[in-house]
Amino acid sequence: VLIVDDDAKFRALAAIMLRERGFHVVGESTDARSAVDAAAALRPSAIVLDVNLPDRDGFWVAETLIDLGVSARILLTSSVTTDVSPRSLDRRGIVAFISKSELPTTDLSALLR
């Protein structure tokens with residue numbers, strides 16, 4: 001799993017949570033551009049991707065990865081509740097949107113494997 005978030009504390013907590021659930025964290029990125037570069041180089045099977053990044057948003061990352069042929073399962077997250085339609089997620093190759101507060105109680109295996 002590649003974790004993409006500009007908040008270092010969230011990245012650390014997400015990494016712990018993912019490892020405890022049997023996932024292998026292959027890398028972390030802090031912005032959209034480095035996320036695209038990391039995903040292209042590492043080819044993770046899954047990405048936990050923040051909506052709000054300093055340089056672009058998570059939707060741009062997902063669309064760019066599709067254009068590059070990177071086929072990871074993308075879980076979009078945000079600390080801000082956002083109204084995202086399932087159709088807009090699917091069109092970008094995103095499997096689901098989960099608020100950061102719901103991540104600890106979400107069955108990530110069903111979404112990321």
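Begin by selecting Val4, Ile47, Leu49, Val61, Leu65, Ile74 and Leu76 in this predicted model. These are the residues with the most contacts inside the largest nonpolar core, which has 21 residues. Next, colour the elements that give two or more residues to this core: β1 (2-4), α2 (32-42), β3 (46-50), α3 (58-68), β4 (73-78) and β5 (94-99). Among these elements, α2 provides the largest share, with five residues. In soluble globular proteins, nonpolar side chains tend to be buried together.

Now centre the view on Ile47. Which residues is Ile47 in contact with, leaving aside its neighbours within four places in sequence? They are Val1, Leu2, Val4, Ala39, Leu65, Ala72, Arg73, Ile74 and Leu75. Apart from the core described above lies another one, of 18 residues. To locate this other core, select Phe10, Met17, Leu103 and Leu112, which are among its members.

**The sheet**

Display the strands next. Five of them form an open sheet, and following the order β2-β1-β3-β4-β5 leads across it; the pairing is parallel. Which strands stand at the edges? They are β2 (27-29) and β5; each has a single partner strand, so one side of each is left without a neighbour in the sheet. On average, and with direction ignored, neighbouring strands of this sheet are turned by 15° against each other.

**The helices on the sheet**

Add α2 to the display. This helix packs on the sheet and touches β1, β2 and β3. The direction of α2 makes about 175° with that of β1. Then add α3, which lies across β3, β4 and β5. Relative to β3, α3 runs at about 150°.

**Strand β5**

Finally, move to β5 and its partner β4. These two strands run parallel and are joined by five bridges. Two residue pairs can be selected to follow this pairing: Leu75 has Ala96 as its bridge partner in β5, and Leu76 has Phe97. Although β5 stands at an edge of the sheet, this strand is mostly covered, with five of its six residues buried.

Select Ser99, which is found in β5. Is Ser99 buried or exposed? Ser99 counts as buried because its relative accessibility is 10%, and the cut-off for buried is under 20%. To end the tour, show the side chains of Ser99 and Ser101, which are joined by a polar contact of 3.1 Å.

Notes
Residues numbered from 1 in each chain as written. Predicted model: local features only at pLDDT ≥ 70, side-chain atom pairs only at ≥ 80, totals over all residues. Heavy atoms only, no water. Core = buried A, V, L, I, M, F, W, Y, C linked by side-chain atoms within 4.5 Å. Buried < 20%, exposed > 50% of the residue type's maximum accessible area, 1.4 Å probe, protein only. Helix = DSSP H or I, 4+ residues; strand = E, 2+ residues; numbered from the N terminus. Contact = heavy atoms within 4.5 Å. Polar contact = N/O pair within 3.5 Å; in protein donor to acceptor, adjacent residues only side chain to side chain. Pairing = 2+ DSSP bridges. Axes fitted to C-alpha atoms, helices over the stretch in contact; angles between N-to-C directions.
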